Amino acid sequence: MIDNISSLILEKRKLFVFIILMITGFMAYMSQFVQLNYDFSQTVPDSDPDMIYYNEFKDTFGEDGNVFAIGLKDSSIFELNNFIQYQNLIDNVKGIEGVKGALGLSTLQILKKNTKNKNFEFIPIFETIPKSQNDLDSLLKLISKQNFYKDKIFNKQGAITLLITIDKKILNSNKRDVLMKSLIDDGNNFQEKTKIKLHYAGLPYSRYTIATNVKDELTYLLVASLVVTAVILFIFFRSLDAVVIPVFIIGIVVVWIFGTLALLGYKITLLSGLLPPLIVVIGIPNCVYMINYYHYSFKNFSDQRDAFRNVIKTIGLITFITNLTTAVGFLVLSTTDIKILTEFGIIAGINVVATFFVSIFLLPTVYLYLPSPKKSQTNYLNYRFINYLISLFISISYNHRKSVFLIFTVVFLASIYGLTKIKSVSYIVDDVPSESSLMKDLKFFEKNFSGVMPLEIVVDTKMKRGVQNINTLKKVDNLEKFLSDKDYVSSPISIVSFVKASRQAYYNNNPFYYSMPNNRDKNFILRYIADGYQNNISEDNISKSFVDSVGQKIRISLNIADLGSLKLDSIVNIVFMPKIDEIFSNSKSEVILTGTTLTFIKGINFLIENLLQSMLLAFLIISLIMSALFKNIKMVIISLIPNIIPLLIAGGIMGFLSIPLKPSSALVFSIVFGISVDYSIHFLAKFKNELTRNSLSDSILLTINQTGKSMIFTSFILFFGFIIFAFSNFGGTIVLGVLTSIILFVAMITNLTLLPSIILHFYKK
């Protein structure tokens, strides 16, 4: 059967090439429709109870992650000319399409008691532009008395912030880039005119910045991967065709990646943005194995067609199996309920398999149109350095088996210990360099306003108009005071803040009275706000509803510092929840924490659990594939050992170097296992073939001699191919690149030392 397949491929090669070129043309056309992902990648499924509640919260109170903050800390802002420029900045921002509201110093309002109508009215502090410095100073003095805005819009240290609410529909569309660029351009114009430094923060800004970096890196890493692999190919083969042909073949698959994304309606995310350079690095070894076997076969057959027929017969099926096992490492990610992982796994799996078909149809066709290989093109088979390494591996396997077992046992035990030191930590703004402007600005807001990561608390009174109960409001006030004492939490805002501001307004705006009503004045004040407590705190869109439509639920909105998933989880469960239980112990009210930040914490844990589960599934499926290939359970076990050890070493390195387990680093294990097991398959397939006509010892010798060279070539390509990810701007991508490079190189060593040592020691038949 294999003879018929090899003959079909060679005889119908023009037809297959035509089909591939037609598909490539179609994929190139579809590629123009690929878009960047503008939405936050949800990692918790919609069916999860916490996600269901969070979606209900957004339906009731609105979005919690659509605020863009502009902060500054410069006393010159309170000079008249600079302040007028600040007012102009706010006015310009309000005019940008997609901006729903902007709350800053010049747009603040105060409550004023209307004794005639017995209610409170919102009065703008800046009804007109100040005419003099004295006018400005008096208005600023009035602002300083408004405790409602303290530590939200301004603080005692002189820092101020402008909070901009953005339409969520714009944020999740391709109009986001225009909107964010307009906001930043207006900020830059303000900085140029006033020389006052601005700081930007908020989830919209963070996601915009990261998405822009993903777009830039996609091109950079793709070009770098092509250049690096091309250079290595030329160093090894010293032949231009051995460089151009593989790069051309992989270039076709890269086009297919973008076409597949468009066909399936997927967008480019931080993960799928890695696929083009990833496929370049993974796909080139296909061509290396085929070219290597072609040159070996040509020495024996002296005819190009016969040589390629032998290549297809000898390693065609094996190459397909190795591509399949690599694809399995990716495809199992699609079994998770996480959209970003599912899309990544499907696109990667499909195109890894596609790489095999493009290679096996195109490579023989192109080479058959070229002249026969010259001696200079096959000299690499006798490189002194490669031959030295092969001799070294043979010597180790034959003469030092006990040392090999001892060394890898020690490495195994040390890696197990290292694994126990791994911690799972991830940040909302993650993998971004600490010296980047994004991180510096984030630290500014954490220092001056305790962070900008949204956290929401909902108090369900379990009765209509339950928010009018003064005892419930006092409990909420106690909770807010507790939260305000934490330096990593911003000053909370809720209906209680409105009630306290109302009391201050009732007593002629005296800041001393910014507190909860007492028994003497509560009836007067609550009567004044009875008709208005369910309205927004201000008419500005930055302030949303803090009470549901029936007056049953109270929303407490606050921001928290980006402390990392591990610490945030501890704070919520060990600090916040016990205090909440204590305050509301004698109440019928139910208190629930929700919001983007908590969804993130749960999402990270959910993501890592799914990655580890998919890793185990890949392990099972690949074991079944190898069982079908070798039909010998002993060989399957033997083949898995040299590929499990590199994974343990990766975990050990992470533990000893305090590299946290996060989605990007957990992904290393799936990639490494899917690729490293290819070494074993190639080795064992060749060994099995040699064993039919040679002794056990000679079969191992011949296998290391021939397969070992291809493994060394591909290991260098994989090492330097993945190491380019170390030049990424994202910490997770750097870890992925460096760890994968090192571990795949280790996998090559284990498969050329430990694997033959195990076979020689245990395989007697």
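Reader: Which residue lies over the face of Phe-482?

Author: In this predicted model, a charge counts as over a ring if NZ of Lys or CZ of Arg is within 6 Å of the ring centre and within 35 degrees of the ring normal. Lys-486 fits here: it sits over the face of Phe-482, at 3.9 Å from the ring centre. There is an Arg case too. Arg-555 lies over the face of Phe-546, at 5.2 Å from the ring centre.

Reader: Now rings with rings. How many aromatic pairs does the structure hold?

Author: The count is 35 aromatic pairs. Take Phe-83 and Phe-126. Their centres are 5.2 Å apart, with 25° between the planes. Planes under 30 degrees apart count as stacked, and this pair is stacked.

Reader: Which parts does that pair tie together?

Author: Phe-83 belongs to helix H4 (residues 80-94). Phe-126 is in the loop between strand E4 (119-124) and helix H5 (133-144). So the pair joins parts that are 43 residues apart in sequence.

Reader: Is Phe-83 buried or exposed?

Author: Buried means under 20% relative accessible area. Phe-83 is buried, at 0%. Phe-126 is buried as well, at 8%.

Reader: Which residues do ring pairs link into a cluster?

Author: Phe-236, Phe-237, Phe-713, Phe-716, Phe-719, Phe-720 and Phe-745 are linked this way.

Reader: And the surface? Which residues make the nonpolar patch?

Author: Phe-26, Tyr-29, Phe-33, Leu-263, Leu-264 and Ile-350 make a patch of about 580 Å². Look at Ile-350. Its place is in helix H12 (residues 339-368). Patch residues need over 30% relative accessible area. Ile-350 has 39%, so it is partly exposed.

Definitions and conventions: Residues are numbered from 1 along each chain as its sequence is written. This is a predicted model: local features need pLDDT of at least 70, side-chain atom pairs count only at pLDDT 80 or more; totals for chains, interfaces and linings use all residues. Side-chain values use heavy atoms; hydrogens and water are left out. Rings of Phe, Tyr and Trp (its six-membered ring) pair if their centres lie within 6.5 Å; planes under 30 degrees apart count as stacked, over 60 as edge-to-face and the rest as tilted. Helices (H or I, at least four residues) and strands (E, at least two) are DSSP runs, numbered from the N terminus. Buried means under 20% relative accessible area, exposed over 50%, partly exposed in between (1.4 Å probe, protein chains only). Patches are made of residues with over 30% relative accessible area and no salt bridge: like charges are joined within 9 Å, nonpolar side chains (Val, Leu, Ile, Met, Phe, Trp, Tyr) within 5 Å. Accessible areas come from the Shrake-Rupley method with a 1.4 Å probe; for residues, only the protein chains shown count as cover. A salt bridge is a side-chain nitrogen of Lys or Arg within 4 Å of a carboxyl oxygen of Asp or Glu.
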